Amino acid sequence: RFKPLVLKVKQYGVAMRIGTNHGSLSDRIMNRFGDTPQGMVESALEFLRICRRYDYHDIILSMKASNPLVMIQAYRLLATRMDDEGMDYPFHLGVTEAGDGEEGRIKSAVGIGSLLEDGVGDTIRVSLTEDAVHEIPAAQTIAKPYNSRLAASRTAAAVPVQLRTSSTPSPKEARNPYDYIRRTSDEIQIGDLPLGGAQPVRVELAATVPLHDIERTMAEIENLTVPADANDPVCEIVRLRADSAEDLVALDTLATHLRAAEHAVPLSLQIPAPLLQTASTAPQVAKFITMPEAALAETAWREQARDVLDIAGQQGTVVEWALSLDTIPDDIRADYGETFEALARTAARLVACAPSSDAPIMLSVTTEMPVQAYRYIAAWLDAQDATVPLHLTTPPLSGHNDTLFQSAIGLGTLLSDGIGDSILIDSDCPPRTKIGFCYNILQAARLRMSKTELISCPSCGRTLFNLQTTTERIKSQMSHLKETKIAIMGCIVNGPGEMADADFGYVGSGPGKISLYVGKDCVERNIPDAQADERLIQLIKYHGKWVDPA
Ligand code: SF4
């Protein structure tokens, strides 16, 4: 039945997009591959082969899924299979039914950004449950850095760091790009908070108030760590910064105040290594963030690293070695320049220093290209069986939009790859905004669900109710169900097929009529829309997934 369509579009010289939906695969494909990225790819390849049989090539492909991980894996697998079969048709990227607001934008940025970071994708759509015009700036913001890189590569402009030097091949990538497997890391304790291993990815944020302003620092810690509402997510580690002996005195006073207030949040402290070495007493924090001085000769550099580890080891403090292009030791820089390889060799040298103490270590790296840098370092460490936890951080970001999209792409891409044990967004946005971004990124990568996962279509001519107001209404009543995925779909024609990932579905089945689904099964047909919200709540209760709002 596909052949006449192929012949017709070929006759009229019209291009065709072959869109494969997670959730709408044929029974034959489902029986062989299940509702999986592999099934989606096999389905697309069948259509492609028919097109090629009739010498029709004006094709673009999309792999539609509302789960960014499924979407990422499907496109990667399709790219590889097409390469194997000598095909090079373009890809249209999008996370379908991404929802609205911050969540929809972050989910889209994670899915689309991950693939653009891989060099995959030719057109994109950010599919939002909002007026369509709002999709344009979101899509432009996601695409912009990649189009700039493309333009720069065409003019041979310099990129901030090279992918490798010519002398050493890149470390071999051990992870499977078509499956989610978390990178193996040691479990360590940041104060009372376990991190790494099988623990949830932790959220750390930096206080913005200078340490000597103790009253305001206390207030900021409170704001970051005490939820305004019981369902609000919080920052789990607060980062402070000490640049002088006076700051360390202030830290002491702050610690006393926090103890008096019975505030047990783990504190991390960014501190220059010499200040830590010369402090009269070691700062009482759960994590030091520091680096040996780059200008030291190799032996002195190693000694300073061991000194820091000894100080930390005596009080059970973790050391986060904070790599950046500026902290590459001079001797490594002289041999390898400002490259990812130089960062990885610095990391390897620090890992080799660790056995001299009992201090657990973790690594972070701040660069303008976090995805490439962390991927490279993770691969390098994995090749040496070094299971050091990795703390992911963004480069400094500014403004709401830049922070939302760049942190979602940078952190979300790495988390979707299984890399990262804790995250931090470095931005001038208000603390509560950054906490929201962190947890939305973790939810998009399906690592920590902090609210109901809403899958809602972008609306179109077939929509049978007002999607935006309905989504808002359902969100306001049901957004606290952390373990539940609810789909809100405008029509019965495509809705059920496109909500593969959902536990419950609210689907327009006629004017003023709603059908309710549990998984793929329609359990209540054509109920009046005025009753649909309550019936959905009853259905969620019946299936044991309801909890009362706090
Ligand atoms: S109304 Fe139906 S066809 Fe339109 S976007 Fe929603 S599910 Fe898809």
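How are H3 and H4 oriented to each other? H3 and H4 are oblique to each other, a class left for angles outside roughly parallel (under 35 degrees), roughly antiparallel (over 145) and roughly perpendicular (65 to 115). This is a predicted model, in which local features need pLDDT of at least 70 and side-chain atom pairs count only at pLDDT 80 or more, while totals for chains, interfaces and linings use all residues. Residues are numbered from 1 along each chain as its sequence is written, and side-chain values use heavy atoms, without hydrogens and water.

**Helices H3 and H4**
- Helix H3 (residues 37–53) packs against helix H4 (residues 68–84) at an angle of about 45°, and their axes are 9 Å apart; axes are lines fitted to C-alpha atoms over the stretch in contact, and angles run from 0 to 180 degrees between N-to-C directions.
- The contact (heavy atoms within 4.5 Å) involves residues including Met40, Leu45 and Arg49 of H3 and Val70, Leu77 and Met82 of H4.
- By class, this contact of H3 with H4 has 11 nonpolar, 2 polar and 3 charged residues.

**Helices H7 and H15**
- Helix H7 (residues 214–225) and helix H15 (residues 431–444) have axes 9 Å apart and pack at an angle of about 30°.
- H7 is therefore roughly parallel to H15.
- Glu220, Asn223 and Leu224 of H7 make the contact with Pro431, Arg432 and Ile435 of H15.

**Ligand surroundings**
- Around the ligand are Cys457, Pro458, Cys460, Arg462, Thr463, Gly490, Cys491, Asn494 and Gly495, each with a heavy atom within 4 Å of it.
- This shell divides into 4 nonpolar, 4 polar and 1 charged; Ala, Val, Leu, Ile, Met, Phe, Trp, Tyr, Cys and Pro count as nonpolar, Asp, Glu, Lys and Arg as charged, and the others, Gly among them, as polar.

Conventions
Helix = DSSP H or I, 4+ residues; strand = E, 2+ residues; numbered from the N terminus.
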